[in-house]
Every structure is written in structure tokens, then in C-alpha cells.
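Morning, everyone. I have one structure to go through today, and I'll put it on the screen now.

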Amino acid sequence: KATAISRSRIASVAFCAISLQDLSSRLRSLEMTRPKTSNGIYMPRKTAWVVVPPCSCEYKYGKFKIPAVDMPMWLRNLTTLVSGICNVDLNSVNINEYARASDSVAWHADDESLFNNSMTVVSLSVGAARNFQVRPKSGKDLSNIATIRLHSGDLLTMEGNFQQEFQHRILPETGIQNGSRFNLTWRPLTQHRQDCDVFNPT
């Protein structure tokens with residue numbers, strides 16, 4: 001499959017009864033945590049892993065383990081809307097809050113075992129602008145890094161074999177006070193864990 005990255009700007013998602021300002025307020029009402037590893041290293045951002053019931057799959061990112069929480073109805077409605085815009089069946093969203101300019105996420109690919117590596121990943125930015133960087137997995141030459149400045153309302157997709165061929169990151173922006181940024185990363189979760197409630201309904 002072809003590999004692609006694209007970006008579009010949506011000034012508002014009011015057509016689903018949620019403006020970007022309202023969306024930011026609703027995201028702040030979620031229980032965001034800053035997980036830590038078994039040896040006490042904290043994740044450099046706040047996060048929440050949200051799924052459509054009956055899924056209960058834990059999300060594992062590196063050495064961090066993040067429990068699933070049920071997707072509230074307002075977020076289900078937004079997920080349905082974004083699924084339609086991007087023509088992909090989305091049923092999980094990883095929400096990160098970069099509350100400080102120094103908050104970040106290191107080089108990685110969204111290739112965890114819960115997902116098909118040829119999936120479409122959809123990312124919505126809400127709040128302060130941050131730099132999103134991309135590089136090939138096969139090399140670490142800094143000259144091969146592409147930078148996209150993501151602003152509030154930007155909807156970015158990573159498609160095809162993107163996760164197999166590239167890595168991406170959000171850099172810290174120390175020395176500036178640019179406010180909090182939320183990032184909603186939707187993915188189609190297809191490879192449920194064996195202990196998931198999908199297989200073990202109560």
C-alpha cells in the first residue's frame with residue numbers, strides 16, 4: 001500500500017455541536033494521568049487511553065502501561081464524525097496533553113500489537129501549536145527530518161505503510177510559554193488482547 005501523510009485545517013467542529021473551545025473544556029474533564037514506569041520514570045506528558053465498550057484492552061507504550069477507560073458519548077459522536085471525514089472505522093483514541101512547553105513524545109511508530117500496521121491513524125490538535133516531526137525508520141540522518149507546525153484544529157492522517165516506514169515525535173519547546181495542547185490520536189483497534197472484555201463479556 002502507498003504511504004501518505006496529509007493535513008487539513010478545521011476552524012471548528014461545531015457541526016457536531018462541539019467547538020474547539022468546548023472540546024478543550026471537555027478534554028480537561030477527562031481523567032488524564034502522567035504514568036510512571038516500575039522504576040519511577042514519569043511519562044513527559046499527561047495521557048488517557050479511551051475505547052468503545054466492551055473493549056477493555058490495556059495500552060502498552062514502551063515501558064508504560066495505560067488502562068482503558070470507556071469512551072463518553074460526546075467523544076463517540078466526535079469519533080463517528082472523524083471516521084466519516086477520513087473514511088475509516090475508528091474505535092479507540094489515545095489522548096495526550098502537553099501541559100507544559102517541555103512536555104514531549106520521543107521518536108516512535110504507532111505499531112503496537114493492538115493495531116494493523118497498515119492502518120490509517122488520525123490526529124487532531126487542540127490548543128497551542130507544536131512541531132510534529134517525521135523521519136524514515138531506516139536512517140537517523142537529521143537532514144531527512146520533516147517538520148510540520150500543527151495548530152489548533154489541524155487534522156492530520158498517517159496512512160498506508162506509514163507506521164512501518166517512518167517514525168514521528170513531538171519536540172519539547174523549552175524557553176517559551178505556549179500554553180497547553182491536546183492531541184487526539186484515533187486508530188482502528190482490531191487485535192484485541194485475550195483478556196479483553198470483547199472475549200470475556202460480563
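Let me start with a question: does Arg135 count as buried or exposed? Arg135 counts as buried, with a relative accessibility of 11%. Before I say where that residue sits, please keep in mind that this is a predicted model.

Arg135 belongs to strand 9, which covers residues 130–136. Take His108 as a second point: between Arg135 and His108 there are 27 positions in sequence, and their C-alpha atoms are 9.9 Å apart in space. We will come back to His108.

Now the overall picture. The protein has 13 strands and 3 helices. It has 202 residues, and 47% of them count as buried. Look at contacts between residues at least 6 apart in sequence: 76% of these join residues that are at least 24 apart. The accessible surface is about 10,000 Å², and carbon and sulfur atoms account for 49% of that.

Next, the inside. How many cavities of 30 Å³ or more does the structure hold? It holds 1. The volume of the largest cavity is about 240 Å³. Its lining is made up of 23 residues, and the closest to the centre are Asn96, His108, His168, Asn183 and Thr185. So much for the return of His108.

Which strand gives the most to that lining? Strand 13 does, with 4 residues. Several strands supply at least two lining residues each, among them strand 3 at 59–61, strand 6 at 92–98 and strand 7 at 105–108. Strand 11 at 154–159, strand 12 at 166–170 and strand 13 at 181–187 do so too. By type, the lining residues are 11 nonpolar, 8 polar and 4 charged.

Stay with strand 13 for a moment, as Arg187 lies in it. Arg187 counts as buried, at 1% relative accessibility. What does Arg187 touch, leaving out residues up to four places away in sequence? The list includes Trp49, Tyr59, Phe115 and Met119, and also Asp110 and Glu112. Leu90, Asn91, Ser92 and Asn94 are on the list as well, along with Thr120 and Val121.

On to the cysteines. A disulfide is a covalent bond between the sulfur atoms of two cysteines. How many disulfides does the structure hold? The count is 0. Cys196 is in no disulfide, and the nearest cysteine sulfur, on Cys57, is 3.6 Å away. The cut-off used here is 2.5 Å between the sulfur atoms, so a pair has to be within that to count. As for its surroundings, Cys196 has 0% relative accessibility and counts as buried.

Two backbone details to finish. First, the peptide bond that joins Pro53 and Pro54 is cis, with omega at about 10°. You can find Pro54 in the loop between strand 2, which is 46–51, and strand 3.

The second detail is Asn87. Its phi is near 55°, which is a positive value in a residue other than glycine. Where is Asn87 placed? Asn87 is in the loop between helix 2, residues 73–86, and strand 6. Asn87 is exposed, with a relative accessible area of 72%, whereas Arg135, from the opening question, counts as buried.

That is all I have.

Technical notes:
Residues numbered from 1 in each chain as written. Predicted model: local features only at pLDDT ≥ 70, side-chain atom pairs only at ≥ 80, totals over all residues. Heavy atoms only, no water. Buried < 20%, exposed > 50% of the residue type's maximum accessible area, 1.4 Å probe, protein only. Contact = heavy atoms within 4.5 Å. Areas by Shrake-Rupley, 256 points an atom, 1.4 Å probe, with all protein chains shown as cover. 1 Å grid on protein atoms, 1.4 Å probe; cavity = no way out; pocket = protein on both sides within 12 Å on 5 of 7 lines; lining within 4 Å. Points joined across faces, edges and corners; volume = space filled by probe spheres on them. Nonpolar A, V, L, I, M, F, W, Y, C, P; charged D, E, K, R; others polar.
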